[in-house]
Amino acid sequence: MVGNCAARLARNLDHPPEWLDGFAGYLAIRLSPARAVTLLHQLAGVLASSSSSNAPAAVLTAARQPQPGHPAGGALTRALEAFFTSARLALPADTVAQAAATRRRRRVNETPQAFRAAVASFSDAQLHDRDRARRAGTRPRTDRTLEINLTAVRDLARYLTASRPAVTGWQLTAASDVEAFLATIASPANRARQLHALRPFFRWARSHRIILADPARGLRPSSNIPFHGRLLPASEQRQLLRRWTADAETLHPHEPAAGLLSLLHGASAGELRQLRATDIDLARATIRLGRRPRPVPLDPATTTALRRCLDHHDRHHRGGNPHLLVSQKSKTTAEPVSASYLKKLLAPAGVTPTLLRVTRLAHLVTTLDPVIVAEAFGVRRGTVLHYLADTVDTSRLANP
């Protein structure tokens, strides 16, 4: 069916591309016949719009433009990028970096005009510092960190514009203005994060003589902020365990696997997204999760859920994407699923991967040695102490 569609498409073209049959075969082993034929029909419209050249680069450029019947950057674009990259017909597009650059520009443009020029220069300086850190072999800041810093600066500029009309530029910002801005944030943990994100900007602004004194230098947030988030009680954990074990046959295989890994083993959303089928050793009942220093032993329930998930992966995703969790959007590429996919996956159970992870961490930290927990999870000791602060298990205290 897919081959016949590709042959008809080639007959209708004056100069059919040499890679057309290969692309049809690429789709045939990854998608259903109906879905593959749909993408080939969309490709026909793209080839008609790029009639001047059928070279991979020209076709990709045309596919990224909005076309009648499919959006820009849709399934066809992802499939073409993955195929051309795997066939070495085109260089891989750094879509993650492009999306991060778009988000940074949006945060700069959302900054009030009086403060925007300095924020734009600060954004460029962050990128320069990250490139220098990469060349030096040190730890560069991630895109997420750069965005958090820009978001905090943008929010402070908005606050000064709305509530401090006398402050018309960064050079007039005082420590009291920053304190008043932080006071508008309800959560103590968020206040500390915002202050931590503002400090790099003010250090940069002072070094470039935009301000004379750093207004955030003397401010000190609490260094021992206790965890105040929601935790699942034991009754709800038992209901989830029953859902993902006794009732698992009625669910999509991804939900019990992701749920049990987070509930019983504290897997984060990032660890679940990056998990590959080759990281699972069912014979030894172990799994490698993220940056954890050692393989994680599996319990029987999680082993059964992972076996169902691997069987599903072998039946429906025979080639291409090596990750254990593959969505309709990522099945034609080698990319992991999105964070929103995990949220939608566990939404019927009324939980998120983050809620399951913090519940597990809080339980382990209050019942075991936090140093052992930090070593097992491959995180800093301060991370697990965050869940221990201001927490006392009264059932373990001696009776007066």
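In what order do the 3 strands of the open sheet run, and is the pairing parallel or antiparallel? I began my notes with this question, and I keep in mind throughout that I am reading a predicted model.

**Entry 1, the sheet.** I traced the strands and found the order β1-β2-β3, with antiparallel pairing in an open sheet. The edge strands are β1, residues 280-281, and β3, each of which pairs on one side only. Looking at β1 and β2, I noted that they run antiparallel and are joined by 2 bridges, and that Asp-281 stands opposite Thr-286 in β2.

**Entry 2, Arg-292.** I next looked up Arg-292, which lies in the loop between β2 (286-287) and β3 (296-297). Is this arginine, Arg-292, buried or exposed? Its relative accessibility is 6%, and because the cut-off for buried is under 20%, Arg-292 counts as buried. I then followed the side chain of Arg-292 and found that it reaches the backbone oxygen of His-265 at 3.0 Å. Setting aside neighbours within four places in sequence, I listed the contacts of Arg-292 as His-265, Gly-266, Ala-267, Glu-271, Arg-357, Ala-376 and Phe-377.

**Entry 3, helices α12 and α14.** His-265 led me to helix α12, which spans residues 254-265. I recorded that the axes of α12 and of α14, residues 300-316, come within 8 Å and cross at roughly 145°, and that α12 passes α14 in a left-handed crossing. Which residues of α12 and α14 make the contact? From α12 I wrote down His-254, Pro-256, Ala-257, Leu-260, Leu-261, Leu-264 and His-265, and from α14 I wrote down Ala-301, Thr-302, Ala-305, Leu-306, Arg-308, Cys-309 and His-312. Sorted by character, the residues of this contact between α12 and α14 divide into 9 nonpolar, 4 polar and 1 charged. His-265 therefore appears twice in my notes, because it belongs to the α12 side of the helix contact and its backbone oxygen is reached by the side chain of Arg-292, which counts as buried.

**Entry 4, Pro-112.** Last, I turned to Pro-112, which lies in the loop between α6 (95-109) and α7 (113-136). With a relative accessibility of 17%, Pro-112 counts as buried, because the cut-off is under 20%. Not counting residues up to four places away in sequence, I found that Pro-112 touches Ala-157, Arg-158 and Thr-161. I also looked up the separation of the C-alpha atoms of Pro-112 and Ala-162, which is 10.0 Å for two residues that are 50 residues apart along the chain.

How values were computed
Residues numbered from 1 in each chain as written. Predicted model: local features only at pLDDT ≥ 70, side-chain atom pairs only at ≥ 80, totals over all residues. Heavy atoms only, no water. Buried < 20%, exposed > 50% of the residue type's maximum accessible area, 1.4 Å probe, protein only. Polar contact = N/O pair within 3.5 Å; in protein donor to acceptor, adjacent residues only side chain to side chain. Contact = heavy atoms within 4.5 Å. Axes fitted to C-alpha atoms, helices over the stretch in contact; angles between N-to-C directions. Left-handed = near helix turned anticlockwise from the far one by under 90°. Nonpolar A, V, L, I, M, F, W, Y, C, P; charged D, E, K, R; others polar. Pairing = 2+ DSSP bridges.
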